[in-house]
Amino acid sequence: MGNYKYVIYEKQGEVARITLNRPEKLNAIVMLGYGEDYQDLLGALGEAAEDDDVKVVVIKGAGRAFCAGQDLSQVGFVYGFGTGKPGERRPSQRARLRLDRKGFEGLFRILLHPKLTVAQVHGYCLEAGLIIAMFCDITIASDDAIFGFPGQRLGFAGSGEPDIQFLALTVGLKRMRYMMLTGRRFGAAEAERMGLVQEVVPRAKLEKRVNTVVQALTTLPRDGVAVGKAHLHMIYDSLGVTAGLAQGYIMHTLFTTVRYEAGEWNYF
């Protein structure tokens with residue numbers, strides 16, 4: 001098995017478990033620019049994909065949260081925004097497009113993963129964390145979980161996400177727009193009502209319930225899992241869900257070119 005710094009990869013029989021392991025950062029990740037933590041996550045996902053023994057992959061978080069989203073201490077710098085000193089040039093469009101596409105392609109490795117995927121969610125599940133959970137086949141959350149896209153309040157105003165098509169199909173177009181435009185956070189019970197979460201259980205029972213569901217999934221045949229996931233890929237294509245990759249990274253790049261002027265607000 002791979003030697004990872006920021007995730008724990010464990011395999012037991014037909015089940016692989018990937019634990020996001022930056023608890024001091026609430027498992028926030030540096031997605032754009034492929035930070036080391038994000039590379040570890042994708043590496044572990046790739047390892048599970050190539051292991052013929054594995055049928056089910058569980059993704060969870062260490063410490064107090066599943067994943068609090070992007071590590072904002074590095075946002076902007078991954079593009080080469082510099083230090084903010086006068087005279088520094090802003091990064092090129094090609095630099096933004098390359099890194100945005102690369103980052104979002106990684107998330108689609110979860111959506112299109114050839115094995116069955118289960119998100120075990122507790123605590124904060126925001127932004128990139130929520131996308132990871134949504135892109136899994138099944139999401140089971142504890143009753144203390146908090147969801148949302150608060151990063152939309154940085155100025156995106158309902159754009160720049162690779163999951164918008166998926167989100168609209170799951171919760172409805174108007175609810176998706178409301179969720180994105182307000183950046184509001186909401187609890188596990190509401191997430192379950194919207195279809196973002198399939199089950200909500202008390203925190204103390206989360207691990208046991210996930211294990212029960214996973215055990216049931218492992219009774220499915222390997223070829224059945226492979227064909228079923230390939231069929232799901234076809235469904236995503238026909239519904240336009242996979243178009244979110246191109247739309248997501250292009251709109252994200254456009255956002256980072258917002259002008260600095262009176263009446264405008266730009267996070268960078």
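With a relative accessibility of 2%, Thr 139 counts as buried in this structure, because the cut-off for that class is under 20%. The structure is a predicted model, and the description below starts from this residue and moves outward to the sheets and helices around it.

**Thr 139 and Met 134**

Thr 139 belongs to strand β6, which spans residues 138-142, and the strand as a whole is mostly covered, four of its five residues being buried. The side chain of Thr 139 reaches the backbone oxygen of Ala 133 at a distance of 2.7 Å. Beyond the residues up to four places away in sequence, Thr 139 touches Ala 119, Val 121, Ala 133 and Met 134, and also Leu 196, Val 197, Gln 198 and Glu 199.

One of these partners, Met 134, lies in helix α3, and with a relative accessibility of 4% Met 134 is likewise classed as buried. When neighbours within four places in sequence are left aside, the contacts of Met 134 are Thr 139, Phe 149, Asp 163, Phe 166, Leu 167 and Leu 196. Leu 196 thus appears among the contacts of Thr 139 and among those of Met 134; the C-alpha atoms of Met 134 and Leu 196 are 6.5 Å apart in space, although 62 residues separate the two in sequence.

**The sheet that contains β6**

Strand β6 is part of an open sheet of six strands with mixed pairing, arranged in the order β1-β2-β3-β4-β6-β9. Its edges are formed by β1 (7-12) and β9 (199-201), each of which pairs on one side only, and the twist from one strand to the next averages 20°. On one side β6 is paired with β4 (residues 116-121), in the parallel sense and over four bridges, and here Ala 119 stands opposite Thr 139. The pairing of β6 with β9 is also parallel and involves three bridges, with Ser 142 opposite Val 201.

**The sheet next to helix α3**

A separate open sheet consists of three strands in the order β5-β7-β8, again with mixed pairing. The edge strands are β5 (124-126) and β8 (185-187), each pairing on one side only, and the average twist from one strand to the next is 25°. Helix α3 (residues 128-135) packs on this sheet, where the helix touches β5 and β7 and its direction makes about 90° with that of β5. Strand β7 (residues 146-148) is joined to β8 by three bridges in an antiparallel arrangement, and Ile 146 is found opposite Gly 187 of β8.

The strand pairs described above are set out together here.

| Strand pair | Sense | Bridges | Opposed residues |
|---|---|---|---|
| β4 and β6 | parallel | four | Ala 119 and Thr 139 |
| β6 and β9 | parallel | three | Ser 142 and Val 201 |
| β7 and β8 | antiparallel | three | Ile 146 and Gly 187 |

**Helices α2 and α9**

Two packed helices are described by the angle between their axes and the distance between the axes. For helix α2 (residues 93-111) and helix α9 (residues 244-255), the axes come within 9 Å and cross at roughly 145°, and the crossing is right-handed. The contact brings Gln 93, Arg 96, Leu 97, Asp 100, Arg 101, Phe 104, Glu 105 and Phe 108 of α2 against Gly 244, Leu 245, Gly 248, Tyr 249, Ile 250, His 252 and Thr 253 of α9. By residue class, the contact of α2 with α9 is made up of six nonpolar, five polar and four charged residues.

Technical notes:
Residues are numbered from 1 along each chain as its sequence is written. This is a predicted model: local features need pLDDT of at least 70, side-chain atom pairs count only at pLDDT 80 or more; totals for chains, interfaces and linings use all residues. Side-chain values use heavy atoms; hydrogens and water are left out. Two strands pair if DSSP finds at least two bridges between them. Helices (H or I, at least four residues) and strands (E, at least two) are DSSP runs, numbered from the N terminus. Axes are lines fitted to C-alpha atoms, for helices over the stretch in contact, and angles run from 0 to 180 degrees between N-to-C directions. Contact means heavy atoms within 4.5 Å. Buried means under 20% relative accessible area, exposed over 50%, partly exposed in between (1.4 Å probe, protein chains only). A polar contact is a pair of N or O atoms within 3.5 Å; within protein, one must be able to donate a hydrogen and the other to accept it, and residues adjacent in sequence count only if both atoms are side-chain atoms. A crossing is left-handed if the near helix is turned anticlockwise from the far one by less than a right angle, and right-handed if clockwise. Ala, Val, Leu, Ile, Met, Phe, Trp, Tyr, Cys and Pro count as nonpolar, Asp, Glu, Lys and Arg as charged, and the others, Gly among them, as polar.
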